[in-house]
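Please examine the sequence and the model shown below. The paragraphs that follow begin with a single residue and proceed outward to its surroundings.

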Amino acid sequence: MSTGLMSPFEQLGLPSDADERMVKRAYAQRLRHTRPDSDPEGFQRLHAIYQAALAVCRERPPQPTPARAIEPVTEPASILQATAAPATPPTPPLMPSPAPLRAEPARPAVPTPFPFERFCNELLTMADAGDAPQLRAWLDEQPALWSLRLKAQVGHELFARLYRDAPPMPAACLDTLLAFFDMNHARSGHDPLALQRLQRRMQLAWELQPAHRDALATRLGIRGWNTRGRERRRLDRQLQQLERPFHWTGAIPTALWPNAASRLARLILQLSLQHPRDLPSVCDSKQVRFWLEAADRRQVSKPRLILGGIRCIATLLGSLLLGLLLGVLTRLPPERFAFGALEFTVGAAFVLCLIWAAWMALLPLDDWHAMPEHQPARWPWLNLLLVPALCGVGLAVWIPAGHNPLAMIPLVAAVWLALRRLARRNITRPGFSPRLIWVALYLGAAVLSSLSGNHGQDNEFASYTYLLAVAATIMWCIDLWRHRHVLRIRRRAA
């Protein structure tokens, strides 16, 4: 008989009076050899036969339940005494008669609850090994997951747990789980950004384990990966620094080394793939935030000020010790100590510290002064007229006081602020070229030098002073002209 004329029970290898339990068991046995991913057409035929057999089973009339043996009912003593005595009293048996056997009806097999916790623990152990083909083979060998309905439920529960805990797992194993549970398509309900972040967090947690430092070194491009390599020891020290709880006593010695904060911040960004918030809990969040803020040269932060102050103190102490040593070594008779070396070393260190402090004070002023016009700013009139005000202060100190050199401080600050404002707010506009600024400065210097009349030292110094004021004013006027229609003060007046 051909296959098309066979009943669904015969195609499943079952008798015609098979029940639903036998049909489901036969379907599960054949599903081992007819997988939907390897033989889609065969799986469709098998599923159609399975549904047809279930329909036949459900259309049958219910089977009569076999009658159970009626157990003798023992009446209470009061009822026995109220009834009439029988004609012939029964003879008590020598041995108690056994209880009558009950004819139990056939019950369907109750499926055992799926051990989800044990399954997750074994799966995470397999994934932690990092072998994606072995993980797929292990998943294929789980008989409970041959049921498509149970497989979908387990997949959703598993990924809900992965999103919540983000256990260590390489990206290849996560791709294997997505493919096995059929969640690697747009209809699976995953948020692409959330799934990408989950993959990044699990990959980072897996790479930061001591057993997987080789994979981390390969991704970071570190060469000479051996137990005695210099880069290996440096990476181990940096990771130990990030994993320790943050304390100032541990951060200060590290910060005194040159470029230590920059190296740690660069390692953090490389580890996290430019997403420091996705680092696992093994890295202390305070350590990560401290070193990133300390190495950020674009803004003034508390860690940067503290580390800079510590370095200034260390520089002054070092220069003091160096000056004392040089004063002793370079003493000349009849003097016993040369104070010139001490004054030079301490003075040079003090000037460097003052320059750093001035730079830290100038950065916030530069950020505030170079804000785009579409953003609100505090004191808009002062923001607009800061450069002319500094030029006026410099000239007011320079002219009446007889060419006081302190006037150069506000003039240099005005030139710097005007140049930064013009460059940061106009560099992307068409027709702007920074070379025009330098051409204007050169022409202004030539004109002022020719107008000075002679080349004495005082006149040359005065020419440079006026040149700074003129250059700052020219750059300020160019920026004001370009933003004349969108100024904050115009919007406030409107």
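Is Leu 271 buried or exposed? In this predicted model, Leu 271 is buried, because its relative accessible area is 1%, and a residue counts as buried when that value is under 20%. Leu 271 lies in helix H13, which spans residues 260-271.

The surroundings of Leu 271 may be described through its contacts. Apart from neighbours within four places in sequence, Leu 271 is in contact with Leu 204, Leu 208, Leu 216, Arg 219, Leu 220, Leu 239, Leu 242 and Leu 279. One of these partners, Arg 219, is 52 residues away from Leu 271 along the chain, yet the C-alpha atoms of the two are separated by 9.0 Å.

Arg 219 also introduces a pair of packed helices. Helix H10, comprising residues 213-220, packs with H13 at an angle of about 105°, and the two axes are 11 Å apart. H10 is therefore roughly perpendicular to H13. In this pairing, H10 contributes Leu 216, Arg 219 and Leu 220, while H13 contributes Leu 267, Gln 270 and Leu 271. Sorted by class, the contact of H10 with H13 consists of 4 nonpolar, 1 polar and 1 charged residues.

H13 is also approached from another helix. Gln 238 belongs to helix H11, residues 230-243. This glutamine is buried, since its relative accessible area is 13%, again under the 20% limit. Outside its neighbours within four places in sequence, Gln 238 is in contact with Arg 263, Leu 264 and Leu 267. Leu 267 is thus named twice, for it is also among the H13 residues that meet H10.

H13 further takes part in a pocket. The second largest pocket encloses about 550 Å³ of space. Its lining draws at least two residues from each of H13, helix H14 (285-295), helix H15 (302-329) and helix H16 (339-369). The lining comprises 23 residues, and those nearest the centre of the pocket are Arg 297, Leu 307, Gly 308, Arg 311 and Trp 356. By class, the lining of this pocket has 16 nonpolar, 4 polar and 3 charged residues.

Finally, the protein may be considered as a whole. It contains 21 helices and 0 strands. Of its 494 residues, 33% are buried, and Leu 271 and Gln 238 are examples. Among contacts between residues at least 6 apart in sequence, 66% join residues at least 24 apart.

Conventions
Residues are numbered from 1 along each chain as its sequence is written. This is a predicted model: local features need pLDDT of at least 70, side-chain atom pairs count only at pLDDT 80 or more; totals for chains, interfaces and linings use all residues. Side-chain values use heavy atoms; hydrogens and water are left out. On a 1 Å grid over the protein atoms alone, a cavity is a set of points where a 1.4 Å probe fits but cannot get out, and a pocket is an open set with protein on both sides within 12 Å along at least five of seven lines; lining residues have an atom within 4 Å of a point. Grid points are joined across faces, edges and corners, and a volume is the space filled by probe spheres set on the points. Helices (H or I, at least four residues) and strands (E, at least two) are DSSP runs, numbered from the N terminus. Ala, Val, Leu, Ile, Met, Phe, Trp, Tyr, Cys and Pro count as nonpolar, Asp, Glu, Lys and Arg as charged, and the others, Gly among them, as polar. Axes are lines fitted to C-alpha atoms, for helices over the stretch in contact, and angles run from 0 to 180 degrees between N-to-C directions. Angles under 35 degrees count as roughly parallel, over 145 as roughly antiparallel, 65 to 115 as roughly perpendicular and the rest as oblique. Contact means heavy atoms within 4.5 Å. Buried means under 20% relative accessible area, exposed over 50%, partly exposed in between (1.4 Å probe, protein chains only).
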